Amino acid sequence: MKSILLVSRYYCDGVTSIELSNSPFLKACRCEPPEHVPVWFMRQAGRSLPEYRAVRKEGSILDAIKDPTLSAEITLQPIRRYGVDAAILFSDIIVPVHAVGFGIDIKPGVGPVTKDPFRSASDLKRLNHLDPDVDTPYVIETVKLCVSQLDIPLIGFAGGPFTIASYLIEGGPSRTYQETKRLMFEDPELWGQLMDRLTGICTSSLLSQIEAGASAVQLFDSWVGALSPSQYVRFVFPWVQKMFEEVSGTGVPIIHFGVATGELLGLMSEVGADVIGVDWRVPIDEARVRVGNKKALQGNLDPAILAAPWPSIEEEVLKILKLNDGHPGHIFNLGHGVTPNVNPEVLERVVQLVQQYRVGQ
Ligand code: CP3
C-alpha cells in the first residue's frame, strides 16, 4: 500500500511551476511560511542506500553520471524512500572541470584526484570555457528526466571555485590547503585567472541546469571554511558574487553552503545567495544573528550523531527546530553530507519528525 501511495505521489506527470513554487521547500527559500518545515539531506543519494549499491555495481562514478537514465534513477531513489521535500541531482562537483579536459578523476574511497596538479599559467589551457550542450549534455538530460518524473523541486549544484581549485592545486583531498594558499599569496594574479575560469565554468553549468528545469541551485563551497575572513574577502568573495549576480537573474533561489564556515557566515550572507547553509558547529539561532533575518537558513544536524540511539537524535532534531523558533526561512538538513554507514531507517524517522513538527510543540 505504501509503495502504491508513493508511486502516485511522486510519479504524476505535469506538475505545474505554480504548484512547485508553492512547495514547502521553495516557500522556505523565499522566507514565506511553509505548511511544514521542509527537509532534504546533502548526499541523500549514494552509498548509504542499498538500492544505490544495487544499481551502481562496479565502475567509475563519472561513468554513472554520464548515463542519464541511471543518474535519474539514483536521484529519485531517496525521494521514494524518504519522502523528502527536494531532490538533489546525482552528479559531482568536479564533473564540469573533468568535462572540459583538465585531467581529473575520482578515485574510489578517496575522491577527486589529478596526477598533474595546477601549477602555472600554462595549466589555464586545461580549463577552457564550458559549453554545457557539448561538454555535459548528459547532465542536462538527467535534469530533464528527473524533472519529468518529480512533483517536488529538483536542486541543481556546482562546486564553489575555492573548493574546486583546492582539488586542482592539491591534486586530491587536503587537510591544510597549503599549496592552494601558497598560490593565492605567491601569485595572486594567477589565482585570479584561475578563479575567473572556474567561476565561468561553474556559472555556465548552473545556468544549464536551471534552463533544463532545476528549481533551485546549491553552491557547495565545502572547504572554504579553511580560509580566514580576510582571505575569504580577498580571494573568494568577488568571484562568487559575480557568479551569484548572473545566476540570480534567472529568479531561481541560490543556496550557499560550506563546512566550518561559522566565522564566515556574516560575509557569506553578503555574497548574494537566498539561503545560507550552516554546519552543526554554530547553533541555528546564533547563525540567524550572523546572517540576519532576511535570508533563509539550511541545516544543521550533525551527521555524525545519526549513529547514536534514536532518543538522542530526536532530541537534537527538536532542539534545532525549537532554536529556529518558527522562522519561516528554515530548510532542515544535515550540517554536512550523509555518511555511507548511516542506517536509512534513521533518516526516514528524521524526515517524519521534521515534517510533523509544528511551532510551539
Ligand atoms: O560533501 C560535500 O561537501 C558536498 C560537495 C562535494 C561533492 N563532491 C558533491 C556530490 C564534494 C566536496 C565532492 C568531492 C568528492 N567527490 C568527494 C569528497 C572528497 C574529499 O575531499 O573528502 C568524493 C568522495 C567524491 C566522489 C563521489 N561523489 C562519490 C563516490 C559519489 C557517489 C555517492 C556517495 O555516496 O559518495 C559522489 C556523488 C556526489 N558528490 C553527489 C554530490 C552532491 C551526489 C549525491 C547526493 O548528493 O545525493
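A residue is counted as buried when its relative accessible area is under 20%. By this criterion, Tyr82 is buried in the predicted model, because its relative accessible area is 5%. Phe41, with a relative accessibility of 0%, likewise counts as buried. The structure described here is a predicted model throughout.

These two residues introduce the aromatic contacts. Nine aromatic pairs were found in a search of the whole structure. In one of them, the ring centres of Phe41 and Tyr82 lie 6.1 Å apart and the ring planes meet at 85 degrees, so the pair is classed as edge-to-face. Phe41 belongs to the loop between α3 (24-29) and α4, whereas Tyr82 belongs to helix α6 (residues 68-82); the pair therefore ties together parts that are 41 residues apart in sequence. A further pair is formed by Phe220 and Phe257, whose ring centres are 6.1 Å apart and whose planes stand at 80 degrees, so this pair is also edge-to-face. Here the partners come from two strands, Phe220 from β5 (residues 216-220) and Phe257 from β6 (residues 254-257), so that the pair ties together parts 37 residues apart in sequence. Both Phe220 and Phe257 are buried. In addition, one aromatic cluster is formed by Phe162, Tyr177, Phe185, Trp191 and Phe235.

Phe162 of this cluster is also one of the buried residues of helix α10. This helix is mostly covered, with nine of its 10 residues buried. The buried set consists of Pro161, Phe162, Thr163, Ile164, Ala165, Ser166, Tyr167, Leu168 and Ile169. Just after the helix, Gly171 adopts a positive phi of about 85 degrees. Pro161 of α10 is in turn among the contacts of Met243, which, with neighbours within four places in sequence left aside, also touches Thr199, Cys202, Thr203, Leu206 and Leu219. Met243 is located in helix α14 (residues 237-248) and counts as buried, since its relative accessibility is 0%. Between the C-alpha atoms of Met243 and Glu32 the distance is 25 Å, for a separation of 211 residues in sequence.

Helix α10 also contributes to the largest pocket, which has a volume of about 1400 Å³. This pocket is lined by 47 residues, of which Arg43, Arg47, Ile61, Asp92 and Gly111 are the closest to its centre. Two or more lining residues are given by each of α4 (50-56), β2 (105-107), β3 (111-113) and α10 (161-170). In composition, the lining comprises 23 nonpolar, 15 polar and nine charged residues.

Enclosed space was examined as well. One cavity of 30 Å³ or more was counted, and the volume of the largest cavity is about 80 Å³. Its lining consists of Leu89, Ser91, Asp92, Ile93, Val95, Pro96, Thr136, Val139, Phe157, Ala158, Ser205 and Gln209. The elements giving two or more residues to this lining are α7 (95-99), β4 (154-159) and α12 (188-211). Seven of the lining residues are nonpolar, four are polar and one is charged. Asp92 appears in the lining of the cavity and also among the residues closest to the centre of the largest pocket.

A one-sided pattern of burial is found in helix α16 (residues 284-291), where Ile284, Ala287, Arg288 and Val291 are buried. These residues lie on the same side of α16, because they cover an arc of only 105 degrees around the axis. The buried residues of the helix pack against α15 (265-268), β7 (275-277), β8 (296-301), α17 (310-324) and β9 (330-334). Just after α16, Gly292 takes a positive phi of about 95 degrees.

On the other side of this helix in sequence, the loop between β7 and α16 holds Asp279. Asp279 is buried, as its relative accessible area is 2%. Apart from neighbours within four places in sequence, the contacts of Asp279 are Gly258, Val259, Ala260, Asn300 and Gly335. Asp279 and His336 are separated by 57 residues in sequence, yet their C-alpha atoms are 6.3 Å apart in space.

Note on methods. Residues numbered from 1 in each chain as written. Predicted model: local features only at pLDDT ≥ 70, side-chain atom pairs only at ≥ 80, totals over all residues. Heavy atoms only, no water. 1 Å grid on protein atoms, 1.4 Å probe; cavity = no way out; pocket = protein on both sides within 12 Å on 5 of 7 lines; lining within 4 Å. Points joined across faces, edges and corners; volume = space filled by probe spheres on them. Helix = DSSP H or I, 4+ residues; strand = E, 2+ residues; numbered from the N terminus. Nonpolar A, V, L, I, M, F, W, Y, C, P; charged D, E, K, R; others polar. Buried < 20%, exposed > 50% of the residue type's maximum accessible area, 1.4 Å probe, protein only. Arc of directions from axis to C-beta. Contact = heavy atoms within 4.5 Å. Phe/Tyr/Trp six-rings, centres within 6.5 Å; stacked < 30°, edge-to-face > 60°.
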